[in-house]
Amino acid sequence: MAEMGSKGVTAGKIASNVQKKLTRAQEKVLQKLGKADETKDEQFEQCVQNFNKQLTEGTRLQKDLRTYLASVKAMHEASKKLNECLQEVYEPDWPGRDEANKIAENNDLLWMDYHQKLVDQALLTMDTYLGQFPDIKSRIAKRGRKLVDYDSARHHYESLQTAKKKDEAKIAKAEEELIKAQKVFEEMNVDLQEELPSLWNSRVGFYVNTFQSIAGLEENFHKEMSKLNQNLNDVLVSLEKQHGSNTFTVKAQPRKKTKLFSRLRRKKNSDSPPAKGNKSPSPPPDGSPAATPEIRVNHEPEPASAATPGAALPKSPSQSSLPAVVVETFSATVNGTVEGGSGAGRLDLPPGFMFKVQAQHDYTATDTDELQLKAGDVVLVIPFQNPEEQDEGWLMGVKESDWNQHKELEKCRGVFPENFTERVQ
């Protein structure tokens, strides 16, 4: 009997819940159709909007913080592998072996400490902060349902009062249900009206504390890591001094394509008939007038009578048989700029200027189209007139000192190995 009674209570509760859902659904339909008024609270709705915004921001911050922690862990693993590699290649008779091993151990401990403190002081605080949102979100939804119940009870009571044939018993019962629904709704409403603004205002202090913790931890981590790196550098300097004769020289990446300016000279020489008795003339020396193709433009063709018998009229650059790079260079010179370059139209920078680099090592030019560099030289990088001329690992540019002095791109430009330089602007 007790079991049946228990089942009966459960069945009755289920039926009651189903009836509530049906009543709420009907009430919402009537409100949407405009056949029943809806209780509005604009101030509360603004609080709900703020709550949803705060939840979205907090969820994103938690996600990004976890990504940051995963990156820290990945960097820790990579740093550990790198130090293990150093320990393996560091031979027993080299000076500073013990110091290098100790630095590697401290490096590992520093990464572990940094990661753990980020978890304790940022991630756990973040989890606690977000832990309060699900309960409040659930209560906001429940308040919404109770508001519909209140509106439904109010409309039912009003309809009984305005009916032509009044039933006092039903009116009394409806009034009792209305008072009960109103009380439940108002209790929930008052609590949320106090909590939501307070939660919204707490975000400022939370963000400040979270990012202050992260910034402080990262600052201390990099300070300690900088000391370890300096110690490791000192150890390696000591090793270098003992084995000073075994230095490593930075080399440029080999150039596979034909040298740019050399090709231009060969092209010009091939266009001219060889001198008598000399079928294979050697290329003219660097710096001679014939070393660089000369381009002339005749705006008005000379009369046929003035032309030398048998000589053809000069061709325009677009019609000549010169390589495309020369024609493009001519266009850039005439127009005073190179299209697409970020330095176009600027008098203080070469046409087509893209960015600056600074030489980190000396570089000795091995061909006439290459720049001679000293460590510290600043080079203004410009695009190749013909992208097909560019070798992998090489850039085109003009030394800033040469450009400031001459302002003549054709005399100063040249190619140089990118790995000898570092971008500075």
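Here is a short walk through this structure, from its confidence values to its helices and then its sheet.

Let us start with what kind of model this is. The structure is a predicted model, and its mean pLDDT is 79. Of its residues, 70% reach a pLDDT of 70 or more. One stretch deserves some care as you look around: over residues 265–345 the pLDDT is below 50. Beyond near neighbours in sequence, that stretch has 68 contacts in the model.

Now turn to the helices. Two packed helices are described by the angle between their axes and the distance between the axes. With that in mind, find helix 2, which covers residues 42–89, and helix 4, which covers residues 133–161. Their axes come within 12 Å and cross at roughly 150°. Angles over 145 degrees count as roughly antiparallel, and therefore helix 2 is roughly antiparallel to helix 4. The crossing of helix 2 past helix 4 is left-handed. If you would like to see which residues make this contact, look on helix 2 for Phe44, Val48, Phe51, Gln54 and Leu55. On the helix 4 side, the partners are Phe133, Ile136, Lys137, Ile140 and Arg143. Sorted by character, the residues of this contact are seven nonpolar, one polar and two charged.

Helix 2 also meets helix 5, which spans residues 168–242. Here the axes come within 10 Å and cross at roughly 15°. Because angles under 35 degrees count as roughly parallel, this angle makes helix 2 roughly parallel to helix 5. Helix 2 passes helix 5 in a left-handed crossing. The residues of the contact between helix 2 and helix 5 comprise 18 nonpolar, six polar and four charged.

Helix 5 has another partner to visit, helix 3, made of residues 97–131. The axes of helix 3 and helix 5 come within 10 Å, with a crossing angle of roughly 175°. Helix 3 and helix 5 are therefore roughly antiparallel to each other. Their contact brings together 18 nonpolar, seven polar and five charged residues.

Finally, let us look at the strands. Five of them form an open sheet in the order 4-3-2-1-5, and the pairing is antiparallel. At the edges lie strand 4 (414–417) and strand 5 (421–423), each of which pairs on one side only. On average, neighbouring strands of this sheet are turned by 50° against each other, direction ignored.

Within the sheet, strand 2 holds residues 378–382 and strand 3 holds residues 394–399. These two strands run antiparallel and are joined by four bridges. To place yourself there, find Val379, which stands opposite Lys399 in strand 3.

Note on methods: Residues numbered from 1 in each chain as written. Predicted model: local features only at pLDDT ≥ 70, side-chain atom pairs only at ≥ 80, totals over all residues. Heavy atoms only, no water. Axes fitted to C-alpha atoms, helices over the stretch in contact; angles between N-to-C directions. Parallel < 35°, antiparallel > 145°, perpendicular 65-115°, else oblique. Left-handed = near helix turned anticlockwise from the far one by under 90°. Contact = heavy atoms within 4.5 Å. Nonpolar A, V, L, I, M, F, W, Y, C, P; charged D, E, K, R; others polar. Pairing = 2+ DSSP bridges. pLDDT = per-residue confidence, 0-100.
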